[in-house]
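I opened this notebook to record side-chain contacts and exposure. The entries follow the order in which I looked things up.

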Amino acid sequence: MPTLPFGSWPSPISASLVASGTVGLESVAVRGDELFWSERRPTEDGRVALVRSDADGVQSDVLPPGFSARSRVHEYGGGAWWLGHRASYFVNWDDQRIYRVHPDGADPEPLTPEPPHRHAWRFADGIESADGRWVICVREDHTERPGRETNEPINEIVAVATDGNGEPVVLAGNADFVAAPRLSPDGRWLSWVRWNHPQMPWDGTELCAAPIFDGPRLGNVQVVAGNPNESVIGPGWHSDGRLILAPTQTDSGIFDRGSLAPKSSLT
C-alpha cells in the first residue's frame, strides 16, 4: 500500500455522506391528539421541516418544499414555529416573515409585511390569542430609523393580526432584548422577559406582566421578579392563573395573578 501523509487517506465515507444521514430533531408540541416536531434535514439543503403525527401515528410534512421554519432573532434563533387552535404558524428562513398554515393543506399564507431588505424584520416565539385574532411574538427590527444613534436592532413584543391585514402593533419594548411572551389561560394577562446590555440572559433579566385589553394594548406594566443581577427564566402560566418561572435566588417561583394588582380593571 502507498504511504500517504496524515489526513490524506482516501475513504468512501465523506463528511457530506455522514451529514446526509443525520436528521436533527428539534422542538416538540402537542395539540389534542396530534404531535408536532421540527426536523433539520441535510438532504434538503438543511431546511427545517415541521412534521405532524396524527392520532393513528401517520406522519406528514406540514410545510411544503421551499419553506424552512427557522428564525434569526437574537442571532441564536429558536421559537420559529408554534401552534394555534387550528392553524400552525412559522417564521420562514428566507424572508423571516410569519406564515400561517391551515389544516386543509393550502399554501402557507404570509401574515407580516414584506421587509424592506432581507431579514430586516425578524420574528420568533409566538403565541395565538384566545380568540385567534392575534399572534403575539418577539420582533427584532434591523431597519434604519431617522434619529437613531446606533445600528443596534430594536427588540419589541408585537401583536400580528392573523387575517394578514395591517402592520404589527407594538405592545412592549423599552429594553435591549425581550423574549418569552406568554398569555394567561384566560387571555387577560401577558408576561415577558426583558434585559439590557451588558447582561446576558443568564446574568440578569426582569419578568414583566401586564393586563392586555382589546386593541390590543397593555395596561400597567409591572416587574414581577428579577433584576440586572438576577436571572429569571422559563416563565409560564399555570391553568389556575398563577404565573410560574424557574426558581431564582430569592423567589419561590410562583406568583398569584391576584397579587399583581393592575391599576385598570380587566375587560
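**Salt bridges**

I counted 19 salt bridges. The model is a predicted one, and I read every value below with that in mind.

I looked first at Arg 52, which forms a salt bridge with Glu 34; their closest N and O atoms are 2.4 Å apart. Arg 52 belongs to strand β3 (residues 47-53) and Glu 34 to strand β2 (residues 34-41), so this pair ties together parts that are 18 residues apart in sequence. I then checked exposure. Arg 52 has 26% relative accessibility and counts as partly exposed, whereas Glu 34, at 15%, counts as buried. The cut-off for buried is under 20% relative accessible area.

I turned next to Arg 47 and Glu 44, whose side chains meet in a salt bridge at 2.5 Å, N to O. Here Arg 47 is buried, with a relative accessible area of 9%, and Glu 44 is partly exposed at 31% relative accessibility. I also asked which residues are linked with these two in a network of salt bridges. I found that the network links Glu 39, Arg 41, Glu 44, Arg 47 and Asp 61.

I noted one further salt bridge, between the side chains of Glu 206 and Arg 194 (2.8 Å, N to O). This pair links distant parts of the chain, with Glu 206 in strand β15 (residues 206-213) and Arg 194 in strand β14 (residues 189-195), twelve residues apart. Glu 206 counts as partly exposed, at 22% relative accessibility.

**Aromatic rings**

I found five aromatic pairs in the structure. In one of them, the ring centres of Phe 67 and Tyr 99 are 5.5 Å apart and the planes stand at 70°, so I entered the pair as edge-to-face. Phe 67 lies in the loop between β4 (59-61) and β5 (81-83), and Tyr 99 in strand β7 (residues 98-101); the pair therefore ties together parts that are 32 residues apart in sequence. Both residues, Phe 67 and Tyr 99, are buried.

The rings of Phe 90 and Tyr 99 also have their centres 5.5 Å apart, but their planes are at 20°, so this pair is stacked. I recorded a relative accessible area of 1% for Phe 90, which is buried, and 8% relative accessibility for Tyr 99. Ring pairs thus link Phe 67, Phe 90 and Tyr 99 into a cluster.

I also checked Trp 93: the charged end of Arg 70 sits over its ring, 4.2 Å from the ring centre.

**Nonpolar surface**

I located a nonpolar surface patch of about 420 Å², made by Leu 4, Phe 6 and Trp 9. Phe 6 is placed in the segment before α1 (15-20) and is exposed, with a relative accessible area of 76%.

Definitions and conventions. Residues numbered from 1 in each chain as written. Predicted model: local features only at pLDDT ≥ 70, side-chain atom pairs only at ≥ 80, totals over all residues. Heavy atoms only, no water. Phe/Tyr/Trp six-rings, centres within 6.5 Å; stacked < 30°, edge-to-face > 60°. Helix = DSSP H or I, 4+ residues; strand = E, 2+ residues; numbered from the N terminus. Buried < 20%, exposed > 50% of the residue type's maximum accessible area, 1.4 Å probe, protein only. Lys NZ or Arg CZ within 6 Å of the ring centre and 35° of its normal. Patch = residues over 30% accessible without salt bridge, like charges linked within 9 Å, V, L, I, M, F, W, Y side chains within 5 Å. Areas by Shrake-Rupley, 256 points an atom, 1.4 Å probe, with all protein chains shown as cover. Salt bridge = Lys/Arg side-chain N within 4 Å of Asp/Glu carboxyl O.
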